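Student: I'm new to this one, and I'd like a close look at a single part: the salt bridges, including any where the two chains meet. Could you walk me through them?

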Amino acid sequence: MANLAIETNKLRKEYGAKVAVADLTLAVPRGEIFGFLGPNGAGKSTCVKMLLGLVHPTAGSALVLGHPPGHIPTLAHIGFLPEHFRFHEWLTASEFLSLHGRLARMDTASCRTHIPEVLEMVGLTEHANRQLSGFSKGMLQRIGIAQALLHTPDLVFFDEPTSALDPFGRRLVRTILQQVKAQGATVFLNSHLLSEVEVTCDRVAFIKDGTVLHTLGLHELSQTQLHLVVRVDQVTPILLERLATLSSEWRFLENREDGTSMTETDGSHDEVGWPTRIELVTSEAQLPDIAHEIVAVGARLYEFTPQRPSLEQLFLDIVGREDSGQ
Amino acid sequence: MNAVWILAWLTFQEARRRSMVLVALALGLLFLLIFGVGLTLITQSRATQNASPANILAGYNLLTLAGLYVVHFLAIMLAIVATVDAVSGEIGSHTVQTLVTRPVARWRIIVGKWIGYAAMLALYTSLLSVGILLESRLIVGYSPPNALMGVALIVLQVLVLVSLSLFCGVYFSTLTNGVILFMLYGLAFIGSWVEQIGTLLDSPAAAQVGIVSSLVLPVEALWRLAAYLMQPPLLNTINISPFSLGAVPSGAMVVYSGFFVITFLGLAVWAFAGRDL
């Protein structure tokens, strides 16, 4: 399909007796930031390498920008930051980018324009003429991001793009990802940092033992289900009745399985002894109605906190809580 | 610019930036200086001045060939050391991943590297060889016969090793590749002596062993042919020089060497195209 940047069907990779990727069946729409999540050793990097033509699959098929992986003219429209980013460190940052610009079939004028732009984008303008051998690991990752974006690709593979970056660098990468998306490009993001994936990705796939377990649209998730914590001065039967009509599930926080509870001295119980803090399972669309009902029944509202289920929670639920130790 | 030339340029730039070119040129000049000084001193010695013209000619030839022998040996060592990491190093460090994911056919990467190393090493070997020949010419007025052909054969040795090294580098680590190349050279070297002595002692079986070892890696056979061509016919006949030969490789060995270069370059391209990176 033309609107898919990546489409794979039962892609498989074996190394002798070891199965690195068992069954990769995936569809990545164009223009999205796609997160690829899984525990260590799940086969994420092997998948990326197969999609780039670095590794030859044992079985299955794939289309990347409408062509088989490794198709030479298509590679001109793809950018890649490897997980193990090592470059020709005897080159200066500018020379390194110039080399990759020429290999990406950019003409001299484009190189002259784009190299300063991407250097500025990754915050390395003042280091343009320094040899990469003098760069810190974080700076090398930044220059790696610059080379991946230099030729304004339609599809970018980032394999752990923030592994060597400090919080400033991570924030920068988030900004860059949004810029790339705004330009209409597709980003395939392989990352362990779930909090970053959560704020940047449109869609995520969970992979384990080389198989895609689940694909999820993060925006859809936030629209469909969330947990809401409310605290009021007094809980009445009529309030509980109204809330029950607006939520699929509710409970006093004292009754939570993890044992957290409020004490009477902190004012979280009302006069008849009911807890005043309630957790509701509801949707974003219901939030204004819930707030309205609470006020309508005469209760005073002290806390109103919507909580989306964290990606980490989802990751553990889908992939499992067992640490493979890899 | 074509990706092949970009990769060839990259290879040369790497050697230059890592000071390999500077160090090799400086030490090469020192080598030529010492050879020139030695040649001058030997020429001025009383024994040389009292020797017969035939002995002087033989002496000059011996000295020139000794210089070229060292160049041949250095060329082999440099060809191995310079290229042993060329492919395996980039695979091992993952540097190759950002190159191969550019719109560049994999064969261009190997051919570009081959051109870069071959041109650099051939130029360096030629400069040293021509330096030796020029010093002989200028200091003692002697030029060995077939000098250009001799230099060309020494350069051909370099190309043989570059092709083999790139091929082995696709499959083996840098260390293993180095062991393979040095051991194969050792095998070709000892095989050459077995062939020489076998021929002198009339042992066809021993001579065959030497020929087979030359086919495995034809560098020593090429040097023997170069030495034979650059000695006056009389010296080759009377066997008084260390470079006189019991068995002379035929022209077929040159053809075989050319075939070896192309075949292993082709195999390197084929292996690299099919390798998971």
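Tutor: Sure, let's start with the overall tally: across all chains, the structure holds 13 salt bridges. Keep in mind that this is a predicted model.

Take chain A to begin with. Glu32(A) and Arg203(A) join their side chains in a salt bridge, at 2.9 Å from N to O. This pair ties together distant parts of the chain, 171 residues apart: Glu32(A) sits in the loop between strand 2 (18–29) and strand 3 (33–37) of chain A, while Arg203(A) belongs to strand 8 (residues 203–208) of chain A. Glu32(A) counts as buried because its relative accessible area is 14%, and the cut-off for buried is under 20%.

Now hop over to chain B. There, the side chains of Glu90(B) and Lys113(B) form a salt bridge at 3.4 Å, N to O. Again the partners come from distant parts of the chain, with Glu90(B) in helix 5 (residues 88–92) of chain B and Lys113(B) in helix 7 (residues 106–140) of chain B, 23 residues apart. Both Glu90(B) and Lys113(B) are buried.

Chain B has another pair worth a look: Glu195(B) and Arg224(B) make a salt bridge whose closest N and O atoms are 3.0 Å apart. Here Glu195(B) lies in helix 9 (residues 174–200) of chain B and Arg224(B) in helix 11 (residues 219–229) of chain B, so to speak distant parts of the chain, 29 residues apart. Glu195(B) and Arg224(B) are both buried.

What about the place where the chains meet? Chain A brings 32 residues to the contact and chain B brings 29 residues. About 2800 Å² is buried between chain A and chain B, and carbon and sulfur atoms give 61% of that. On the chain A side, Leu54(A), Trp90(A) and Leu103(A) supply 28% of the area that chain A buries against chain B, more than any other three residues.

Between chain A and chain B, the count is two salt bridges. One of them pairs the side chains of Arg17(B) and Glu95(A), at 2.6 Å from N to O. There are also 13 residue pairs in polar contact across the interface of chain A and chain B. Several elements of chain A each supply at least two residues to the side touching chain B, among them strand 1 (4–15), helix 1 (44–52) and helix 3 (93–103). Helix 3 of chain A gives the most, with five residues. Sorted by type, that side of chain A divides into 17 nonpolar, nine polar and six charged residues.

Key
Residues are numbered from 1 along each chain as its sequence is written. Chains are lettered from A and ligands numbered from 1 in the order in which they are written. This is a predicted model: local features need pLDDT of at least 70, side-chain atom pairs count only at pLDDT 80 or more; totals for chains, interfaces and linings use all residues. Side-chain values use heavy atoms; hydrogens and water are left out. Contact means heavy atoms within 4.5 Å. Buried area is the accessible area (1.4 Å probe) that two parts lose on being put together, summed over both. A salt bridge is a side-chain nitrogen of Lys or Arg within 4 Å of a carboxyl oxygen of Asp or Glu. A polar contact is a pair of N or O atoms within 3.5 Å; within protein, one must be able to donate a hydrogen and the other to accept it, and residues adjacent in sequence count only if both atoms are side-chain atoms. Helices (H or I, at least four residues) and strands (E, at least two) are DSSP runs, numbered from the N terminus. Ala, Val, Leu, Ile, Met, Phe, Trp, Tyr, Cys and Pro count as nonpolar, Asp, Glu, Lys and Arg as charged, and the others, Gly among them, as polar. Buried means under 20% relative accessible area, exposed over 50%, partly exposed in between (1.4 Å probe, protein chains only).
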